[in-house]
Amino acid sequence: MSAAIIFGLLAVLMLTGMPVSIALGLTVLTFLFTMTQVPVEAVALKLFTGIEKFEIMAIPFFILAGNFLTHGGVAKRMIRFATTMVGHWAGGLGLAAVFSCALFAAVSGSSPATVVAIGSILLPAMVRQGFPTRFGVGTIASSGGLGILIPPSIVMVMYCVATSGMLVEGPTGERVSAASVGQMFVAGVIPGLLLAFLLGFTTWFIAKQNGYPRLEKASWAEAFKAFLDSFWGLALIIIVMGGIYTGLFTPTEAAAMSAVYAFVISVFVYRDMGLKDVPKVLLSSANMSAMLLYIITNAILFSFLMTHENIPQAIAAWIVDQGLGWIGFLMIVNILLLLAGTVMEPSSITLIMAPILFPVAAKLGIDPVHFGIMIIVNMEIGMITPPVGLNLYVASGISKMGLTETSIAVLPWLITMLAFLMLITYVPEITLFLPRYLGML
Amino acid sequence: MLLRLLDRLEEIIITTLIAAATILIFVAVVQRYGLSNSAQWMGWARTNDLPWLAAIFRSIFVTLNSFSMTWAQEACIYMFVWMAKFGAAYGVRTGIHVGVDILLNALPARTRYGMVILGLLAGALFTAIIGALGTQFVYHIGQTEQTSPDLEMPMWIVYLAVPLGSFLMCFRFLQVAWSFARTGELPSHDHGHVEGISEADEPLATEPNLHPRDLKPTGGEK
């Protein structure tokens, strides 16, 4: 009963168009003052201590690093390198777009940022070369989604934050601990590479069918030069992933290191950015981070209320009673997340849904890391499905193409991604192999 | 004039905090590794009978060891909490807070007007309540001797961010509501735009449905 009221209230408040964070907060307050015995002090304390976790602080650092990389000419050099590597195959620049999105995704944690960084340079170039705009938009909007699947990823941090510290039980009643940021990052590597390959294959296939232009094969000398030029950006991949894997840094420290590193290469090595631009980058990063942290604060309040009312446990028990099994449950989760993905943005969905769904998943014996990666893939698809899909808006903004046309343009890649989602959902080994192999699980 | 000062102050606070936190964590990590590495190298130089090298590493070790960075993590968290609270208020002014506006933007202008005002006032209400709760909470903590574990800073100072930030945010919501009521314009943040990357300042072809649209007849093109 109380579950219905909470969700109903949240849905109504969100539909009025007020910020998601405010809708969450007001739901909690309304419920608190009218229906429950939770002491207000407990909630006030949660409000203060909710975001006092060092893990969460990876988010502002990754945003800052991403902003430096986007402004500082790292993307430009990665594109040049990618083009010399794959530009001569069918699909030419399109294939290069997928490859550069994958490279940029490995240094940045956000999808729209990846679309902007790669798309704003490559899309005009593709159109000039004679590719149909549709093809270009489809490639870039969909490959940009790699940003949150290939580590580092802000949404993965969100998932860990949302589920960490929850008391959940496995199928036989044993404690199941939530996934750590390090585990999620490592688990994202193989699915990320696989998706990059599948998107590249789709691009190649369409291009081959239609005989789109290719580039001349770059000489090894050119390729090597492009590699050297982009080396400083590529080195960041090793710093972040190597640092986390070897235990040199915690994910948050790695994020801070990459922010400083990105600052140094943008301002002093590549010099695409002057010192005078730094405050602007800092301010816009702080602005974005504060918005996300504010949603997190209120989402933590919300999930505290849910847990207090035993709602996730009740849902878990109910689903187990239905005899749905993990196959049916994951199908329902996918549908639910895809639907949510059409109208909301990834961080809010993850923060609201993960704490509710995670106990059920654990009860059905689904690995927290596998479940997390599945959520991330759903979020990626959500970013290219209308009416609300951040990547679509960004791509349509760069290409000046209408939203409807953009949505149609991504269809072939969308189908590829849906097939990929099925693969990730029902073959947990793809996700779990690497972290297990490295002894992280 | 006073308002402009407040605006600037808000921007300076959050910019400084994010920069300081980043540098702090960077220095802490460098110090940690400098310390363990210099100790190792010192041992290596000694076993290989290179006293001058050992002396160099010894002095590096001593310098690095002379200050402790164990408080860095805690300080970083508090800086970001402060940044988050003031940044959220700044975010109201820049219109960065995302919402579900799909229904809202489909409504006729008149109804939409009411809904937007309602949304903004709801924001003001929520932040005012949190501000009041926060003030009470800080007052209670202030009566105790609670300090933070590493920095040994009084906790009420740390928690002061919540009431201050919330009241500032409340003020920003009212400010935006007031200017919307007069001009029909809302601040909106374009999530797809990155300065210096997109060509010049051309308008987006479409607007994300994450923020309420303006009420001007040319809604959608800015």
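1. A definition to start with: contact here means heavy atoms within 4.5 Å. Please also keep in mind that this is a predicted model.

2. Let's look at helix H5 of chain A, residues 74–86. Its 13 residues reach 19 Å from the first C-alpha to the last, close to the 18 Å expected at 1.5 Å a residue.

3. What does H5(A) pack against? The buried residues of H5(A) pack against five helices of chain A: H4 (58–71), H6 (92–105), H7 (111–128), H12 (220–246) and H13 (251–269). Among those buried residues are A:Arg77, A:Met78, A:Phe81 and A:Val86. H5(A) is largely enclosed by the rest of the structure because 10 of its 13 residues are buried.

4. Now to the partner chain. Chain A brings 70 residues into contact with 70 residues of chain B. About 6200 Å² is buried between the two chains, with carbon and sulfur atoms giving 78% of that area. A:Phe48, A:Asn287 and A:Tyr294 together supply 11% of the area that chain A buries against chain B, more than any other three residues.

5. On the polar side, there is 1 salt bridge between chain A and chain B. It joins the side chains of B:Arg32 and A:Glu253 at 2.8 Å, N to O. Residue pairs in polar contact between the chains, both at pLDDT 80 or more, number 5.

6. Which helix gives the largest share of the side of chain A that touches chain B? That is H14(A), with 16 residues. By type, the residues of this side divide into 47 nonpolar, 17 polar and 6 charged.

Notes:
Residues numbered from 1 in each chain as written. Chains lettered and ligands numbered in written order. Heavy atoms only, no water. Helix = DSSP H or I, 4+ residues; strand = E, 2+ residues; numbered from the N terminus. Expected span 1.5 Å × (residues − 1). Buried < 20%, exposed > 50% of the residue type's maximum accessible area, 1.4 Å probe, protein only. Buried area = accessible area lost by both parts, 1.4 Å probe. Salt bridge = Lys/Arg side-chain N within 4 Å of Asp/Glu carboxyl O. Polar contact = N/O pair within 3.5 Å; in protein donor to acceptor, adjacent residues only side chain to side chain. Nonpolar A, V, L, I, M, F, W, Y, C, P; charged D, E, K, R; others polar.
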